[in-house]
Amino acid sequence: AIRALSLGKPLLVSDVGWFSELSEEVALKVTPDRREIDALAEAMVALADPETRARMGEAARALAEREHDVARVADLYAAALEAAAGGEPVREAVLRQVAVAAADAGIDPASPEAARLGRALDEVEL
């Protein structure tokens, strides 16, 4: 489904699981019930319209670029792994060790060195 979205293809899906979360801008959803066959036929007729396909296709491509960009997904995985490994307690322990090391090295909290250290910690999102 994500590959189809990234290719700018609108989807026709069963309205179950994570497919239910898809926007109607990118997917026509059919409830799997006694009307399913008729609903599928109606959806296919709707997708036969070139303007509908083009509009939904552009929305599909935009969704894929926005939500499924490789760099964004990698950041989300890294954040999940960090959280699983301890998240905030690990972050606080690292910051505590940096603060102790800075104090041991004689870096005054109001010094330019401390400001540079703070900027470096910001760069690595600490």
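Q: In this model, does Ala 102 count as buried or exposed, and at what relative accessibility?

A: The model is a predicted one, and in it Ala 102 counts as buried because its relative accessibility is 11%, where the cut-off for buried is under 20%. The place of Ala 102 is in helix H5, and once neighbours within four places in sequence are left aside, Ala 102 is in contact with Ile 107 and Leu 117. The C-alpha atoms of Ala 102 and Glu 113, which stand 11 residues apart along the chain, are separated by 9.2 Å.

Q: Where is Ala 85 found, and is Ala 85 buried or exposed?

A: Ala 85 is found in the loop between H4 and H5. With a relative accessible area of 60%, Ala 85 is exposed, because the cut-off for exposed is over 50%. A separation along the chain can be set beside one in space: Ala 85 and Ala 4 are 81 residues apart in sequence, and 34 Å lies between their C-alpha atoms.

Q: How is empty space looked for, and what is the volume of the largest pocket here?

A: When a probe the size of a water molecule is rolled over the atoms, it shows where empty space is left. In this structure, the largest pocket holds about 280 Å³ of space.

Q: Which residues lie nearest the centre of the largest pocket, and which helices each supply at least two residues of its lining?

A: The lining of the largest pocket is made up of 14 residues, and those nearest its centre are Glu 82, Gly 87, Arg 91, Glu 125 and Leu 126. Helix H4, which spans residues 70-84, and helix H5, which spans residues 88-104, each supply at least two residues of that lining. Sorted by character, the lining residues comprise seven nonpolar, two polar and five charged.

Q: What does Arg 91 touch, not counting residues up to four places away in sequence?

A: Arg 91, which lies in helix H5, touches Glu 125 and Leu 126 when residues up to four places away in sequence are not counted; Glu 125 and Leu 126 are also among the residues nearest the centre of the largest pocket. Arg 91 is partly exposed, with a relative accessible area of 30%. Between the C-alpha atoms of Arg 91 and Leu 22, which are 69 residues apart along the chain, the separation is 34 Å.

Q: Which residues make up the largest nonpolar core, and which element gives the largest share of this core?

A: The largest nonpolar core has nine residues in all, namely Leu 5, Leu 11, Val 13, Leu 22, Val 26, Ala 27, Ala 60, Leu 63 and Ala 64. Strand S1 (11-14) and helix H3 (50-67) each supply at least two residues of this core, and the largest share, three residues, comes from H3.

Q: What are Ala 60 and Ala 64 in contact with, beyond their neighbours in sequence?

A: Leaving aside neighbours within four places in sequence, Ala 60 is in contact with Leu 5, Gly 8, Lys 9 and Val 26. Ala 64, which lies in helix H3, touches Leu 5, Ser 6 and Asp 69 when residues up to four places away are not counted. Ala 64 counts as buried at 6% relative accessibility, and its C-alpha atom is 16 Å from that of Val 13, a residue 51 places away in sequence.

Q: How do the side chains along S1 alternate, and in which sense do S1 and S2 pair?

A: On one face of S1, Leu 11 and Val 13 point their side chains and are buried, whereas Leu 12 and Ser 14 point to the other face and are not buried. S1 and strand S2, residues 27-30, pair in the parallel sense over four bridges, and the bridge partner of Leu 12 in S2 is Leu 28.

Methods: Residues numbered from 1 in each chain as written. Predicted model: local features only at pLDDT ≥ 70, side-chain atom pairs only at ≥ 80, totals over all residues. Heavy atoms only, no water. 1 Å grid on protein atoms, 1.4 Å probe; cavity = no way out; pocket = protein on both sides within 12 Å on 5 of 7 lines; lining within 4 Å. Points joined across faces, edges and corners; volume = space filled by probe spheres on them. Nonpolar A, V, L, I, M, F, W, Y, C, P; charged D, E, K, R; others polar. Core = buried A, V, L, I, M, F, W, Y, C linked by side-chain atoms within 4.5 Å. Buried < 20%, exposed > 50% of the residue type's maximum accessible area, 1.4 Å probe, protein only. Contact = heavy atoms within 4.5 Å. Pairing = 2+ DSSP bridges.
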